[in-house]
Amino acid sequence: MAASSSSISLLFSNTPRISFPTQDSPFLPLHNATFLKSSPKTGSLSLRLEGVSSINKKKLSCKAVSSTEMAAAEGKKKKVDVFDSKDELAVNLAKYTADLSDKFTKERGAFTVVLSGGSLIDYLRKLLEPPYLDSVDWSKWRVFWVDERVVPKDHEDSNYKLAYDGFLSKVPIPPGNVYAINDALSAEGAADDYETCLRQLVKSGVIDFSEASGFPKFDLMLLGMGPDGHVASLFPGHPLVNEKEKWVTFIKNSPKPPPERITFTFPVINSSAYIALVVTGAGKADAVHKALGTPSDDSNTLPVELVSPAGELTWFLDKNAASKL
Ligand SMILES: O=C(O)[C@H](O)[C@@H](O)[C@H](O)[C@H](O)COP(=O)(O)O
C-alpha cells in the first residue's frame, strides 16, 4: 500500500526496510542512509536501517531486528507509517482500505470489515469522497464491530451510532450487511448472540475461517488504541486479555466508560488477514513507544503489544503519536 508524500514507512519483514516518499523527514535524516533501491514511480527510497542517524538507529533497529526475526519465523509482516498530519493519515487510510476492498471483493466476493469506536470513524472520512465513494463496491462490504458498548443503538455512547452517523449512513452498504449487536440483551447475552451470528456467517462462507487458529478470519480490522494501550475493550491487566476460547466476550467494569461492553477476543483479532492500528495524538506516544520503541525491562505487556495478526499489521500514526520513537 502506498504511503503518502510525507510519511515515513518502516516495514518489518524478512528485510528490514524504511522507505521515504519525500526527502524532508523530520525524524530520519537521509544523509546517513544506505540506499538499496529507488522507485521512480512512487519516488520512495528503500534503505538499510544502519543508515539511520545514531539516536534513531538505536531506537529503531533494536525493535526492528527482534520484530524481523519474529516476523520471519512466523511469516508475519509489520509496517509502521507515520504521517505529518491527521488529514494525510486519513487520505492514506482511505487508499489502504479501498485497495483491500478491491482485493477481497475480487478474491472472495465479499469484504469483511471490523470497526472500532473512538476517533477511527473520523479517520475513514476520505472514503466518503471521490474517487472512493463511487469506485468502492460497497455492496460487498460486511461490517462488524470489534467492540461495542452495551447501550441502545441510538445512545450517544453507541459505537454503532458513531459509525452510522459518521460513515455508514453516507455509503451504499446494504443495511442487511451491517452487523450491530442486539441492544435488547444484557452484556453477556449480547456477546453470546454476536458470537452466534459470527458462527453462522462463517458457516455460510461470508466470513473466512482460519484453519490454523480455529477462529474467524476477518479481511480487515480497523483498530484504535487508548492512551493506556488498550485495543477493542481489552484493557491492561484485565483477565479478558487472556481469553483463549471465546470469540466474543463481555466486560462489566470497563475503565473507559461506559462500563458494559462486548469485545472480540485476541484469538479472533489475531486471526485477521489485515489489521490497521490507527493511533494519533501525543497522549498515546508513551504506549506507541512501549509497543514499537526500544524494548525495555518493563514486563507489563500492554494489550496493543498482543496485536500480532497472522496476516499483515500496519500502524497508521501521526507525528505526535510517533514523537517518542
Ligand atoms: O469503543 C471503544 O471505546 C473502542 O473501540 C476503543 O478501543 C477505542 O478504539 C480506543 O479507546 C481508541 O479511541 P480513540 O481513538 O477515540 O482514542
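Helices, of at least four residues, and strands, of at least two, are taken here as DSSP runs numbered from the N terminus. With that convention, the predicted model can be read element by element, and one place to enter is the loop between S12 and S13, where Pro258 lies. The peptide bond that leads from Pro257 into Pro258 is cis, with an omega near -5°. A second cis peptide bond joins Pro130 and Pro131, with omega about 0°, and Pro131 belongs to the loop between H3 and helix H4, the latter spanning 132-135. As a general background to these two sites, most peptide bonds are trans, and most residues other than glycine have a negative phi.

The loop between strand S12 (248-251) and strand S13 (261-264) also holds Ser254. Ser254 counts as buried because its relative accessible area is 8%, which is under the cut-off of 20%. Its side chain reaches the backbone oxygen of Lys256 at 2.5 Å, and, when residues up to four places away in sequence are set aside, Ser254 touches Phe235, Pro259 and Arg261.

Arg261 leads on to the ligand, since one of its polar side-chain atoms lies 3.2 Å from a ligand oxygen atom. The protein covers 90% of the 420 Å² of accessible area that the ligand has on its own. Two further polar approaches to the ligand can be followed in the model: an oxygen atom of the ligand is 2.4 Å from an N or O atom in the side chain of Ser119, and an oxygen atom of the ligand is 3.0 Å from a polar backbone atom of Gly117. Around the ligand stand 16 residues, of which Ser119, Asp147, His230, Ala232 and Lys284 come nearest. By character, this shell divides into three nonpolar, eight polar and five charged residues.

Ala232, one of the residues that come nearest to the ligand, also deserves a look for its backbone. It is found in the loop between strand S11 (220-223) and S12, and its phi is near 50°, a positive value in a residue other than glycine. Ala232 is classed as buried because its relative accessibility is 7%, under the 20% limit. The loop between S11 and S12 also contains Lys246, which at 37% relative accessibility counts as partly exposed. Beyond its neighbours up to four places away in sequence, Lys246 touches Glu195, Phe215 and Thr265. From Lys246 to Val91 the C-alpha separation is 35 Å, with their positions 155 residues apart in sequence.

The interior can be approached through the largest nonpolar core, which has 90 residues, and in which Phe264, Trp315 and Leu317 touch the most other members. Helix H6 (residues 187-203) gives the most to this core, contributing eight residues. For Phe264, the contacts outside four places in sequence include Val114, Trp145, Val146, Tyr194 and Leu198, and also Phe218, Met221, Leu234, Trp247, Val248 and Ile269. In soluble globular proteins in general, nonpolar side chains tend to be buried together.

Helix H5 (residues 159-166) offers another view of packing, with Asn159, Tyr160, Lys161 and Ala163 buried. The buried residues of H5 pack against strand S6 (111-115), helix H3 (120-123), strand S7 (141-145) and strand S8 (147-149). At the start of H5, a side-chain oxygen of Ser158 comes to within 3.1 Å of the backbone nitrogen of Tyr160.

Helix H2 (residues 86-108) includes Thr105, a residue that counts as buried because its relative accessible area is 17%, again under 20%. Apart from neighbours within four places in sequence, Thr105 is in contact with Ala110, Phe111, Asp137 and Lys140. The C-alpha atoms of Thr105 and Asp137 are separated by 7.7 Å, although the two residues are 32 apart along the chain.

Taken as a whole, the chain has eight helices and 15 strands, and buried residues make up 54% of its 325 residues. Among the contacts between residues at least 6 apart in sequence, 72% join residues at least 24 apart. The chain exposes about 14000 Å², of which carbon and sulfur atoms supply 51%.

Conventions
Residues are numbered from 1 along each chain as its sequence is written. This is a predicted model: local features need pLDDT of at least 70, side-chain atom pairs count only at pLDDT 80 or more; totals for chains, interfaces and linings use all residues. Side-chain values use heavy atoms; hydrogens and water are left out. A nonpolar core is a set of buried Ala, Val, Leu, Ile, Met, Phe, Trp, Tyr and Cys residues joined through side-chain atoms within 4.5 Å. Buried means under 20% relative accessible area, exposed over 50%, partly exposed in between (1.4 Å probe, protein chains only). Contact means heavy atoms within 4.5 Å. A residue is near a molecule or strand if one of its heavy atoms lies within 4 Å of it. A polar contact is a pair of N or O atoms within 3.5 Å; within protein, one must be able to donate a hydrogen and the other to accept it, and residues adjacent in sequence count only if both atoms are side-chain atoms. Accessible areas come from the Shrake-Rupley method with a 1.4 Å probe; for residues, only the protein chains shown count as cover. Ala, Val, Leu, Ile, Met, Phe, Trp, Tyr, Cys and Pro count as nonpolar, Asp, Glu, Lys and Arg as charged, and the others, Gly among them, as polar.
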